[in-house]
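Please work through the following exercises with the sequence and the model at hand. Each task is followed by a solution in steps.

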Amino acid sequence: MAVSVLLPFHNEEKNLPACLEAIQQQTYQDFEVIAVNDGSSDQGKAIVSAKSASDPRFHLINLPAKQGIVRALQVGLQYCQHDWIARIDADDIMLPTRLAKQYAYSQANPQFALLGSQIAFFQNDTEPLTQGQEYHRTWQNHLLTNEDITREIFIEAPISHPSFFMSRNMTLNVGGYLDSPWAEDYDFLFRVWKSGYKMAKLPEILVKKQVSKNQLSQIDVRCKRKAMFAAKAHYFAFTQGGQTHKPRYIVSTGNSARLLYKSLSQANIEVQGFLDRTPYDPLRTIFDKPVLELTRKIAPEQQAKLKESFLLLAIGDITGRANVLNLFDSIGLQWKQDYERFL
């Protein structure tokens with residue numbers, strides 16, 4: 001066998017049958033499934049047990065009580081025996097050629113240690129997708145190359161977790177899944193990036209990801225904005241911008257900018273002030289830091305000052321962010337070298 005499918009679950013009796021059937025119907029059949037029952041109190045354990053009785057490739061691992069997804073993943077990894085590990089969650093569906101295409105790509109492109117795929121969303125409730133969810137899916141699906149993925153990693157997780165297809169050796173080398181204050185998949189991607197491994201995404205939809213207001217990613221405190229900004233600040237410390245001797249300024253004064261400032265401060269990364277479009281007021285401060293004016297037409301002396309600084313872009317508004325990025329481009333500022341995007 002060449003692929004281990006890692007499937008943690010907790011009280012997923014409604015979703016497990018479709019998820020397991022989708023795995024069993026893969027066009028690539030050389031796989032094992034490590035299904036980790038995280039202390040379920042419903043019929044999920046019985047559903048997987050029945051599947052394993054009829055198909056010996058399916059293995060049920062039972063935790064004695066609910067310990068959380070990170071512990072379930074850690075235990076599951078110990079049972080994954082094969083060179084490649086494919087992640088899936090019980091409420092998601094892999095399309096029939098998912099394993100075949102990702103495995104074939106991994107063999108043809110051995111320089112990549114982690115692969116993803118584009119995703120589609122589906123719902124089992126009546127709540128429509130929000131504009132933010134639609135934007136996130138579109139943004140995530142356009143990141144295909146290692147350059148795309150690593151460039152935008154500080155914006156949000158650039159690869160959807162249930163589409164992960166990862167080298168077992170790489171996974172173990174970076175420490176597997178860790179119990180951190182932020183989402184385990186984002187933390188894992190940061191450590192893959194920090195360790196210098198290459199990532200890529202297949203340019204087609206191979207996973208259907210369920211969206212529900214009650215799922216873990218919507219309610220877990222580790223997935224909330226405060227935790228995600230803490231992750232960004234923690235790993236930003238290892239970048240050129242985190243280690244530079246240039247003065248740092250946050251571009252924006254909105255809620256995200258303030259959250260970014262607090263997160264950077266907690267990571268012991270100094271910020272000298274803020275920039276926004278309002279006329280300069282020498283008395284205006286945020287967290288006792290000055291707020292300087294970022295004019296629409298940048299005079300030569302301001303250009304020089306910007307080029308001597310490292311800028312942290314935290315503008316949530318899409319149009320406003322695009323305008324500032326165009327402004328940066330017009331004066332020759334370069335992403336990563338002169339500024340970082342956090343939204």
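Three exercises follow, and the model on which they rest is a predicted one.

**Exercise 1. The surroundings of Arg-341**

Determine whether Arg-341 is buried or exposed, and identify which residues distant in sequence it contacts.

*Solution.*

Step 1. Locate the residue: Arg-341 belongs to strand β14, which covers residues 339-341.

Step 2. Assess its accessibility. Residues under 20% relative accessible area count as buried. Arg-341 has a relative accessible area of 10% and is therefore buried.

Step 3. List the contacts, leaving aside neighbours within four places in sequence. Arg-341 then touches Phe-154, Ile-155, Leu-313, Arg-321, Leu-325 and Trp-335.

Step 4. Examine one of these pairs. Phe-154 and Arg-341 are separated by 187 residues in sequence, yet their C-alpha atoms lie 6.5 Å apart.

Step 5. Follow the side chain. That of Arg-341 reaches the backbone oxygen of Leu-343 at a distance of 2.9 Å.

**Exercise 2. The packing of α8 and α10**

Describe how helix α8 and helix α10 are arranged, and state which residues meet.

*Solution.*

Step 1. Choose the quantities. A pair of packed helices is described by the angle between the axes and the distance between them.

Step 2. Apply them. The axes of α8 (residues 184-194) and α10 (residues 225-236) come within 11 Å and cross at roughly 15 degrees.

Step 3. Classify the angle. Angles under 35 degrees count as roughly parallel, and α8 and α10 are therefore roughly parallel to each other. The crossing of α8 with α10 is right-handed.

Step 4. Name the residues. From α8, Tyr-186, Asp-187, Phe-190, Arg-191, Trp-193 and Lys-194 meet Met-228, Ala-231, Lys-232 and Tyr-235 of α10. By class, this contact comprises 6 nonpolar, no polar and 4 charged residues.

**Exercise 3. The packing and burial of α1**

Describe the packing of helix α1 on helix α2, and state which residues of α1 are buried.

*Solution.*

Step 1. Take the geometry. Helix α1 (residues 16-24) and helix α2 (residues 44-54) pack at an angle of about 25 degrees, and their axes are 10 Å apart.

Step 2. Classify it. With this angle, α1 and α2 are therefore roughly parallel to each other, and their crossing is right-handed.

Step 3. Name the residues. Leu-16, Pro-17, Leu-20, Glu-21 and Gln-24 of α1 meet Gly-44, Ile-47, Val-48 and Lys-51 of α2. The contact divides into 5 nonpolar, 2 polar and 2 charged residues.

Step 4. Turn to burial. In α1, the buried residues are Leu-16, Cys-19, Leu-20, Ala-22, Ile-23 and Gln-24. The elements they pack against are β1 (3-9), β2 (31-38), α2, β3 (58-63) and β5 (93-94).

Notes: Residues are numbered from 1 along each chain as its sequence is written. This is a predicted model: local features need pLDDT of at least 70, side-chain atom pairs count only at pLDDT 80 or more; totals for chains, interfaces and linings use all residues. Side-chain values use heavy atoms; hydrogens and water are left out. Helices (H or I, at least four residues) and strands (E, at least two) are DSSP runs, numbered from the N terminus. Buried means under 20% relative accessible area, exposed over 50%, partly exposed in between (1.4 Å probe, protein chains only). Contact means heavy atoms within 4.5 Å. A polar contact is a pair of N or O atoms within 3.5 Å; within protein, one must be able to donate a hydrogen and the other to accept it, and residues adjacent in sequence count only if both atoms are side-chain atoms. Axes are lines fitted to C-alpha atoms, for helices over the stretch in contact, and angles run from 0 to 180 degrees between N-to-C directions. Angles under 35 degrees count as roughly parallel, over 145 as roughly antiparallel, 65 to 115 as roughly perpendicular and the rest as oblique. A crossing is left-handed if the near helix is turned anticlockwise from the far one by less than a right angle, and right-handed if clockwise. Ala, Val, Leu, Ile, Met, Phe, Trp, Tyr, Cys and Pro count as nonpolar, Asp, Glu, Lys and Arg as charged, and the others, Gly among them, as polar.
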